[in-house]
Amino acid sequence: MGSTPARLLRLLGCGVLLLAATEGLVRLLGVAPPKPKIYADSVYLPDPHLPYRQQPGISRSEPSRTGEFVESFTHNSAGFRDVEHALVKLPGTFRVLALGGSVTYGSGVSFEQTYLAQLEKDLNGRGALPPVEIVKAGVGGFFPAAERLLLENYGLAYQPDLVLLQIDDSDAFESFLGVEAARVTPGLLKTADMRALGLPLGYLAVNTHIGRILYHRWSRSHLAHLKAEFSRQEPQVWEGIERELARMKQLAVGAGLVVLYIPVERQVDGLFPLEAICQRLGIPFADATPFLRDSAREGPVAWERDGHPNARGHAAVARAVETFLLARGLIR
Amino acid sequence: MDWKPYRRPVLIVLALLVAATALLVWLARGPQESPFRYLIY
């Protein structure tokens with residue numbers, strides 16, 4: 001038998017070896033969640049004005065999160081999933097700046113199938129209208145506060161004649177979490193959840209399989225807590241969204257602002273107060289729900305597990321927006 | 001070399017290893033995608 005410090009040292013050594021062996025076994029079994037994409041191979045980069053920006057000039061093809069489809073995307077030099085746009089628009093062109101989250105980005109469909117690409121094609125096929133150019137500035141995970149920052153710092157430079165803001169059911173919860181929760185920073189701890197853990201725990205939670213399992217388990221229960229908190233604060237969250245929309249309307253002065261609602265998670269009527277907010281602020285409100293419901297009679301309009309609209313869903317949204325813009329005479 | 005004195009601690013460590021791994025496998029059940037989709041898209 002050795003002295004007490006020697007025994008403690010031996011015990012500690014055994015503990016470390018045990019952890020390393022467990023990590024090895026868990027890796028062999030392959031049961032841990034994958035490394036978060038933002039740490040593995042991120043297309044989201046830190047930005048001085050936005051919570052994050054999309055990596056410009058990349059082209060990729062990768063399986064979706066649920067494995068239901070393959071995501072193929074190309075970003076232009078501004079980091080948007082779009083063709084190149086000069087900041088100065090051609091004379092006589094009617095330019096639409098489209099803001100939104102992953103639905104507007106087009107997660108789940110090819111670029112040509114996105115509702116914005118179809119809308120642009122359909123509007124330009126009408127003849128009687130001026131040439132229409134749509135700057136497709138959807139960013140996965142964005143919500144009104146982030147979209148306002150995008151409009152303010154980058155979007156207005158495109159001299160839009162109309163700003164189309166897409167909102168879906170995820171926006172309220174994302175707004176509750178806020179800009180700081182979404183902010184991507186340089187370094188080892190890129191995301192707010194890992195920054196909250198600090199070093200070395202945040203690093204271990206991302207890079208070890210034991211850490212990922214434990215963090216994942218904790219985050220699932222933490223999410224339930226956050227959702228409960230969100231339910232309590234939902235009225236205030238909507239007040240915040242109303243302030244963001246009012247600010248965007250001010251910023252887009254000279255151009256029109258239209259809010260487009262696309263149901264994603266609930267697949268039912270817009271139950272939340274978005275329409276009333278738009279009425280109060282005098283912002284035209286386009287609801288894609290009836291068009292999606294019509295299309296849903298022919299087959300699914302969204303990916304079952306992933307939840308994003310599929311090609312049929314995007315086609316329905318394109319028809320909804322086109323009908324709305326033309327009926328209101330918003331493209332001139 | 002006489003392994004007899006080490007047999008008990010080695011068995012304890014192996015038992016702990018199996019128990020820890022089994023616990024982690026149990027904890028890893030359920031949906032694999034993170035609920036924090038907005039952070040890890």
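In which strand of chain A does A:A137 lie? A:A137 is part of strand β6, residues 132-138. The model is predicted: local features need pLDDT of at least 70, side-chain atom pairs count only at pLDDT 80 or more, and totals for chains, interfaces and linings use all residues. Residues are numbered from 1 along each chain as its sequence is written, chains are lettered from A in the order in which they are written, and side-chain values use heavy atoms, without hydrogens and water.

**View 1. Surroundings of A:A137 in strand β6 of chain A.** Strands are DSSP runs of E with at least two residues, and helices are runs of H or I with at least four, numbered from the N terminus. A:A137 has a relative accessible area of 1% and is therefore buried (under 20% relative accessible area, 1.4 Å probe, protein chains only). Beyond its neighbours within four places in sequence, A:A137 has contacts (heavy atoms within 4.5 Å) that include A:F80, A:L97 and A:L150.

**View 2. Helix α13 of chain A, residues 311-327.** The end C-alpha atoms of this helix are 24 Å apart, in agreement with the 24 Å expected for 17 residues (1.5 Å times one less than the number of residues). Among its buried residues are A:G313, A:V317 and A:F324. The buried residues of α13(A) pack against elements including α4 (115-124) and β8 (256-262) of chain A.

**View 3. The two ends of α13(A).** At the N-terminal end, A:N310 acts as a cap, with a side-chain oxygen 3.1 Å from the backbone nitrogen of A:R312. A:G329, with a positive phi near 60°, follows the helix.

Notes: Buried < 20%, exposed > 50% of the residue type's maximum accessible area, 1.4 Å probe, protein only. Polar contact = N/O pair within 3.5 Å; in protein donor to acceptor, adjacent residues only side chain to side chain.
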